[in-house]
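Trainee: Could you take me through one part of this protein up close? I'd like to look at the empty space inside and what surrounds it.

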Amino acid sequence: MTRSLLYPYAASVAFLALTAVLSGAPPAQDPNLAVYGDALVRSWTMPQAPKGLQIGVESTVTVRFIVDATGRVTKARAIDSSDRKLNDAAIAALRQWKFSPALEEGHPIAECLDVQIMFDPADPHSLLPPIKPNPAPTTPPDVERQVDADYPADLNARQLNGKVAFRCHVDAKGIPQSTVVLNATDAGFVAPAVAAVKHWEFTPAKQGDLAVAGDVGAELDFNYESGNPKDLLAANGITAPNGKPPKKTPILRSAPAPVLPYAAVAAGKGGDADVSFVLNDNGFPEQIKVSHASSSDCGASLMAAVQTWRFDPPKPSASGCSIRSRSRASRWTCA
């Protein structure tokens, strides 16, 4: 969790913030300002070492602790120390410290911080501790349990495998919220992917020892177990120029369907189209040409779709040269 103070009116806001810290009062909130800031120390107590334990300038304990939305220290633990016998004393002193809570959009929130407590500070009467507490590091949410998505019935006839990349917001309880689809190999996979993600379980993001909300990105795969590349080409109307199955069968990886312009869809117009293309060495269609179309919209839509189709690159021949496949998408219906 990274926070920074935003000062559109630097002088006035700085004065208000300083006054709030010194007085212990909650900062005055201007509805036009989005104020963010880390928890701030208002007062601190020097630790007292156990009797009989020798200390020096190297006697320190690093404590990780949570300051809640009221500014109270609720949890604290030692994460590093020069002598474990100092841990309890460091934590006891820290629990007496007073804080102004962290702010997010002007509202007090909990925050986890790390601080190195010195048992022999140079100035034990300083207004602030020798070392400033800093926000503990943040780790992102993580997928704990996935739920498979239902294969869309509308795509059964095409036998396509698919992939949907998404980002979602995960709250502090690990519940996904607000899924945003970043990419999909076919629009038909989007709705079942979003429905499945609602049932995924996440380990929430952590800011030190504090569970917080965070964003996570992931991918969801759709697998159609046809097992036969020739069947996959046939199901998507892809043939050799003579209308027969290609002799060298390329493996189709993604083939988004053509999308007609909105005006044509609204008018209930459809049709069919046929395009030819050459599969290059990288598995990308090129030299795409419309050989037949019942309307210009259908031809243009199929051309645009084929430009996004992806195949595994053709395998090298015995001579070591790549095989460039000539294919066509035939009898494609534009709904």
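Mentor: Start with the contacts: counting those between residues at least 6 apart in sequence, 71% join residues at least 24 apart. Keep in mind that this is a predicted model. The protein has 22 strands along with 6 helices, and buried residues account for 37% of its 335 residues. On the outside, about 18900 Å² is exposed, with carbon and sulfur atoms supplying 53% of that.

Now for the empty space. Rolling a probe the size of a water molecule over the atoms shows where such space is left. Here the structure holds 1 cavity of 30 Å³ or more, and the largest cavity has about 30 Å³ of space in it. Go round its lining and you'll meet Trp44 and Trp97, then Gln116, Ile117 and Met118, and finally Pro129, Pro130 and Ile131. By class, that lining comes out as 7 nonpolar residues, 1 polar and no charged.

Have a look at the strands too. Strand β7 covers residues 111-118, and the lining includes Gln116, Ile117 and Met118. β7 belongs to an open sheet of 4 strands, ordered β3-β2-β7-β8 with antiparallel pairing. At the edges sit β3 (73-81) and β8 (134-135), each pairing on one side only. Between β7 and β2 (residues 60-67), the antiparallel pairing runs over 8 bridges. If you want one spot to click on there, try Arg64, whose bridge partner in β7 is Asp114.

Conventions: Residues are numbered from 1 along each chain as its sequence is written. This is a predicted model: local features need pLDDT of at least 70, side-chain atom pairs count only at pLDDT 80 or more; totals for chains, interfaces and linings use all residues. Side-chain values use heavy atoms; hydrogens and water are left out. Helices (H or I, at least four residues) and strands (E, at least two) are DSSP runs, numbered from the N terminus. Buried means under 20% relative accessible area, exposed over 50%, partly exposed in between (1.4 Å probe, protein chains only). Contact means heavy atoms within 4.5 Å. Accessible areas come from the Shrake-Rupley method with a 1.4 Å probe; for residues, only the protein chains shown count as cover. On a 1 Å grid over the protein atoms alone, a cavity is a set of points where a 1.4 Å probe fits but cannot get out, and a pocket is an open set with protein on both sides within 12 Å along at least five of seven lines; lining residues have an atom within 4 Å of a point. Grid points are joined across faces, edges and corners, and a volume is the space filled by probe spheres set on the points. Ala, Val, Leu, Ile, Met, Phe, Trp, Tyr, Cys and Pro count as nonpolar, Asp, Glu, Lys and Arg as charged, and the others, Gly among them, as polar. Two strands pair if DSSP finds at least two bridges between them.
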